[in-house]
Amino acid sequence: QLAADALVGLLTAGVPWDRISFSSDANASLPRFDGEGRLIELRSGQIGSLWQQCTRACALGVPLASALAVVTANPARALGLTGKGSLGVGQDADLLLIDPETLAIERVMSGGQWRA
């Protein structure tokens, strides 16, 4: 099951959005096994997977603010990353500038510096 589908299911079941977080194993190994437990494929996680699942969740009806919190503020809070997950004085100034119609990433700021 994809993370976006799981998010919709959790929200439908009444789990508060601020108690849900997505994380990424970007560049980590992703093994796939057959029914007997034999390795049939080994891929690596993609760095864009969180954004893909965030936008998919929006396409499935999750409000953008809730979908964003699941990949930003919620995991930052759970991990105690006080400089991450929100915008404000003293924060790390990491943000995405997105097209409001397509949710395509237009520019990226990391540590207060434009990267793309």
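Let's start at the largest pocket of this predicted model, where strand β4 contributes the most to the lining, with 4 residues. About 1,000 Å³ of space lies in this pocket. Its lining takes in 31 residues, and those nearest the centre are V71, T72, D94, L95 and L96. Besides β4, the elements that give two or more residues to this lining are α2, α3 (64-71), α4 (73-79) and β3. If you are thinking about chemistry, the lining divides by class into 20 nonpolar, 8 polar and 3 charged residues.

Two of those contributors, β3 and β4, also belong to a sheet, so to speak of them properly we should look at how the strands are laid out. Three strands make up an open sheet, ordered β3-β4-β5, with antiparallel pairing. At the edges are β3 (95-98) and β5 (113-114), each of which pairs on one side only. In general, the strands of a sheet pair through backbone hydrogen bonds, either parallel or antiparallel.

Now follow the pairings one at a time. Between β3 and β4 there are 4 bridges, and here L96 stands opposite V108 in β4. L96 is also among the residues nearest the centre of the largest pocket. The hairpin of β3 and β4 has 6 residues between the strands, and L103 in this hairpin adopts a positive phi near 65°.

On the other side, β4 (residues 105-110) is joined to β5 by 2 bridges. Here M109 faces W114 in β5, while S110 stands opposite Q113. The hairpin that β4 and β5 form has 2 residues between them, and G111 in the turn shows a positive phi of about 60°.

Next comes the second largest pocket, which holds about 350 Å³ of space. Of its 16 lining residues, L30, G45, Q46, S49 and Q53 are the closest to the centre. Both β2 (39-44) and α2 supply at least two residues of this lining, and α2 has the largest share, with 4 residues. By class, the lining has 6 nonpolar, 8 polar and 2 charged residues.

One of these central residues deserves a closer look: Q53, which lies in helix α2 (residues 49-59). Is Q53 buried or exposed? Its relative accessibility is 14%, and because buried means under 20%, Q53 counts as buried. Setting aside neighbours within four places in sequence, Q53 is in contact with L2, A3, A4 and F22. Helix α2, the home of Q53, also gives two or more residues to the lining of the largest pocket.

Technical notes:
Residues numbered from 1 in each chain as written. Predicted model: local features only at pLDDT ≥ 70, side-chain atom pairs only at ≥ 80, totals over all residues. Heavy atoms only, no water. Pairing = 2+ DSSP bridges. Buried < 20%, exposed > 50% of the residue type's maximum accessible area, 1.4 Å probe, protein only. Contact = heavy atoms within 4.5 Å. 1 Å grid on protein atoms, 1.4 Å probe; cavity = no way out; pocket = protein on both sides within 12 Å on 5 of 7 lines; lining within 4 Å. Points joined across faces, edges and corners; volume = space filled by probe spheres on them. Nonpolar A, V, L, I, M, F, W, Y, C, P; charged D, E, K, R; others polar.
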